[in-house]
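Biologist: I would like to learn how to read strand pairing and helix packing in a model such as this one. Could we go through it together, feature by feature?

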Amino acid sequence: MRFVVDARYGGPEPSGIGNYVRGIGSRLPALSPDDRFRFWVRPRAAPIATLPNAEHVRVRAVPAGLATLLWPARLDALAPEDVFHGPANILGFGLPCPAVVTVHDVMWLEHLEWCQPRPYLRPVSRAYYTTGILRALRLADRILTVSQASADAIVRVEPGAHGRVVVTPNACEAHFRAPESRDDARREAARALGFDEPYFLVVGQNQPSKAHDVAVRAFAEAGLSRHRLVLVQRLEPGRGLHRLVRELGIERRVSFASSLPLSGLVAAYQSADALVQPSLAEGFGLPALEAMASGCPVAASDIPPLREVLGGSGLLSAPGDASALAGNLRRLAEEPTLLGELRERGLERAKAFSWDRSAALTLDVYRDVVARPRRVAA
């Protein structure tokens, strides 16, 4: 069999979908050496896998563009006996073969304003994602998703998806691990961040659903003069928050970064007093898992996906409640015993997530699709 995976998100730019594509895709060829795997990648992207049964085709079209939705079959030569895997929420028109789609969440359908901060772009985003995601939920032969919470949301939005949804959880790579030496990790973090004071860390895309403004307000309210707040934000770091930081009078204690080198990011997790993840919605919440695997406590919002990922190993507060989050930050800053307990619980919880297991589940889904009649022409 030939399995075709759209891996264009797996490029150099960090993203949750990119981590997912590489985490799953890099393991699939080794799991099934008798099958062929064809990966769509961007022109200058690194290969997803290097085994003989893995091939790559360079696709110039951007992954979240009209070509992906309207004519994906023109991007590559697909055969009726192939199985196509779209890992980025949408199912395009005109595919000649069975399709598996990973729908990470249904936020674009339920809370468009949390995903697209620019009002003038919302009509375009609504048309694109509503069409693509609903096609996936209604027509895909199988729907993968990254948490049971997301699976429940999918069925709530589209009851007809029941029975076709399979949970293949996110995971993180082995470089996210507890430090051999906390002193060495602190020195590496200080080099990457430019200071050596204690700090709380926020990691994630700078968009409304992540509620980074709540983290800023909570940090200000907590009144922890020894600490800093570091926000590593993909896409336009600080957009919409610089003014808030100035109004709260904490500009000297808040830092923004668009990215860190991998070694710096790992050290930042390992050395932070906690990761702060105040999201209003998530499909999974990968920074929380990366933090736990790195021995970093987590203070997060009490929403189903983060409850599921943390499994009782972090501090939770109501989404949007800056005062409650501030109380948890004060506890983390003032109770070293609590920090140690959360580190140990988080390290144990992180062991429950594995790219190897999720890749094996994905391959099982591919094979199940092959064994069953195709639902409808896509």
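Biologist: How many bridges join strand β6 to β7, and do these strands run parallel or antiparallel?

Modeller: Please keep in mind that this is a predicted model. Strand β6, residues 142–145, is joined to β7 by three bridges, and the two strands run parallel. One residue pair to look for is T145, whose bridge partner in β7 is V167.

Biologist: In what order do the strands of the sheet lie, and which are the edge strands?

Modeller: Seven strands with parallel pairing make up an open sheet, and their order is β3-β2-β1-β4-β5-β6-β7. The edges are β3 (54–58) and β7 (165–167), each of which pairs on one side only. On average, and with direction ignored, neighbouring strands of this sheet are turned by 20° against each other.

Biologist: Which helix lies across β6 and β7?

Modeller: That is helix α7, residues 148–157, which runs at about 165° to β7.

Biologist: How is the packing of two helices described?

Modeller: One gives the angle between the axes of the two packed helices and the distance between those axes. Here, helix α9 (residues 212–222) packs against helix α14 (residues 322–334) at an angle of about 55°, with the axes 8 Å apart, and therefore α9 is oblique to α14. The crossing of these two helices, α9 and α14, is right-handed.

Biologist: Which residues make the contact between α9 and α14?

Modeller: On α9 they include V214, F219 and E221, while those on α14 include L325, L329 and R330. By type, the residues of the contact of α9 with α14 comprise nine nonpolar, one polar and three charged.

Technical notes:
Residues numbered from 1 in each chain as written. Predicted model: local features only at pLDDT ≥ 70, side-chain atom pairs only at ≥ 80, totals over all residues. Heavy atoms only, no water. Axes fitted to C-alpha atoms, helices over the stretch in contact; angles between N-to-C directions. Helix = DSSP H or I, 4+ residues; strand = E, 2+ residues; numbered from the N terminus. Parallel < 35°, antiparallel > 145°, perpendicular 65-115°, else oblique. Left-handed = near helix turned anticlockwise from the far one by under 90°. Contact = heavy atoms within 4.5 Å. Nonpolar A, V, L, I, M, F, W, Y, C, P; charged D, E, K, R; others polar. Pairing = 2+ DSSP bridges.
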